[in-house]
Amino acid sequence: FVDSVTTDEFVAGSEKVPARLAAKGVFSFAGENVADENRELVEWMRAWNARPSTTRKLRFHGLDMMGASTKGQPGNPHARKAFDAALAYLDKVDAQSAKQMRGRLEPALTRIATWSYDSLTSSQAENLTVASADLVSLFERRHVAWSQGTGTLAYQRAYRSALDARGIDADFRAGGWWAASQSRDMDQRDAELAGHLRWLLEREGRGGRVFVFAHALHLRKGPDPHALPIHRFTSMGQHLAELLGGDYVAISGVDTESL
């Protein structure tokens, strides 16, 4: 989600973002393997929006609460991106609160960015959870004033980043997708994905449509009886099917899992 903000700015017509940088926020798990295709996609979306005949603009949004997985590589810098994005916004609207929040979140953020979450003491892990929840609460209490000061979209991007930060902490605590050892509750990630999509649908309003590209595991409408134990979780698609009913349409590609 954080990386996609730059992509969305490019699609909307910003002259400050080069196409290749915008392309990096499209599908981060694929790395440079699809760089040209991603660039062509965002350039097409930008050109569509620039046409005089376009009455409804396209937007681009990432859904995941973290960027590309870096398991097996030095460090895990994506783990703190959502925290840093929310804190960067705080710097602009409430520098004192930003300073206090940074004091509470460090050194835990350094630990999770180096695959060292499990080295936190129980007290440090608890402090990270409380601070993450307080960060979200602060955004919710200041919603009106901050939205008026920076604009609704800037606020919402930062608020969604704060929600992702809280979700990342919850995932680490549960031993989920982003934990060093995936061993327990895998549901947090897809609950966050569905939350982003609900927000996007609200922004699109009546008649709006969202096209979602993701792995079949996350799009399926029901549990997969053939899935490995690690893949038995409540998917984003299950959340959306329960919420939207027939308005959620899943289209399966060529994959080992069915929708």
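The following paragraphs lead through two helices, a loop, a surface patch and the salt bridges of this structure, which is a predicted model.

Helix α3 is a convenient starting point. It comprises residues 35-50, 16 residues in total, and its first and last C-alpha atoms lie 23 Å apart, close to the 22 Å expected at 1.5 Å a residue. The residues of α3 that are buried are Ala35, Asn38, Val42, Met45, Arg46 and Asn49. These residues occupy an arc of only 100 degrees around the axis, and therefore sit on the same side of α3. The spacing of such a set follows from helical geometry: an α-helix has 3.6 residues a turn, so residues three or four places apart point the same way. Among the elements that cover the buried residues of α3 are α1 (4-11) and α2 (19-24).

Helix α3 also carries an ionic pair. Glutamate 43 and arginine 39 both belong to this helix and stand four residues apart, about one turn of the helix. Their side chains meet in a salt bridge, with an N to O distance of 3.3 Å. Both partners are partly exposed: glutamate 43 has a relative accessible area of 32%, and arginine 39 one of 22%.

The segments that flank α2 offer two further points of reference. In the loop between α1 and α2 lies lysine 16. Lysine 16 counts as exposed because its relative accessible area is 79%, where the cut-off is over 50%. Its C-alpha atom is separated by 9.5 Å from that of threonine 6, ten residues away along the chain. In the loop between α2 and α3 lies phenylalanine 27, which is partly exposed at a relative accessible area of 33%. Together with Phe211 and Phe213, Phe27 forms a nonpolar patch on the surface, and the accessible area of the three together is about 400 Å².

Helix α4 can be read in the manner of α3. The 13 residues of α4 (residues 81-93) should span 18 Å at 1.5 Å a residue, and the 19 Å between the end C-alpha atoms agrees with this. The buried residues here are Ala82, Phe83, Ala86, Leu87, Tyr89 and Leu90. Because their arc around the axis is only 155 degrees, they lie on the same side of α4. Their cover includes α5 (95-105), α6 (108-112), α7 (122-141), α8 (143-150) and α9 (152-174).

Salt bridges also link helices to one another. Side chains of opposite charge can pair when their charged atoms come close. Across the whole structure, a search finds 15 salt bridges. One of them joins the side chains of aspartate 91 and arginine 102, at 2.8 Å from N to O. Aspartate 91 is in helix α4 and arginine 102 in helix α5, so this pair ties together parts that are eleven residues apart in sequence. Aspartate 91 is partly exposed at 37% relative accessibility, as is arginine 102 with a relative accessible area of 33%.

Helix α5 supplies a partner to another bridge, in which the closest N and O atoms of aspartate 134 and arginine 104 are 2.7 Å apart. Since aspartate 134 lies in helix α7 and arginine 104 in helix α5, the pair ties together parts that are 30 residues apart in sequence. Aspartate 134 is partly exposed, at 30% relative accessible area, and arginine 104 is partly exposed at 37%. Elsewhere, salt bridges with shared partners connect Asp8, Glu9, Arg59 and Arg157 into one network.

Definitions and conventions. Residues are numbered from 1 along each chain as its sequence is written. This is a predicted model: local features need pLDDT of at least 70, side-chain atom pairs count only at pLDDT 80 or more; totals for chains, interfaces and linings use all residues. Side-chain values use heavy atoms; hydrogens and water are left out. Helices (H or I, at least four residues) and strands (E, at least two) are DSSP runs, numbered from the N terminus. The expected span of a helix is 1.5 Å times one less than its number of residues. Buried means under 20% relative accessible area, exposed over 50%, partly exposed in between (1.4 Å probe, protein chains only). The arc is that of the directions from the helix axis to the C-beta atoms. Contact means heavy atoms within 4.5 Å. Patches are made of residues with over 30% relative accessible area and no salt bridge: like charges are joined within 9 Å, nonpolar side chains (Val, Leu, Ile, Met, Phe, Trp, Tyr) within 5 Å. Accessible areas come from the Shrake-Rupley method with a 1.4 Å probe; for residues, only the protein chains shown count as cover. A salt bridge is a side-chain nitrogen of Lys or Arg within 4 Å of a carboxyl oxygen of Asp or Glu.
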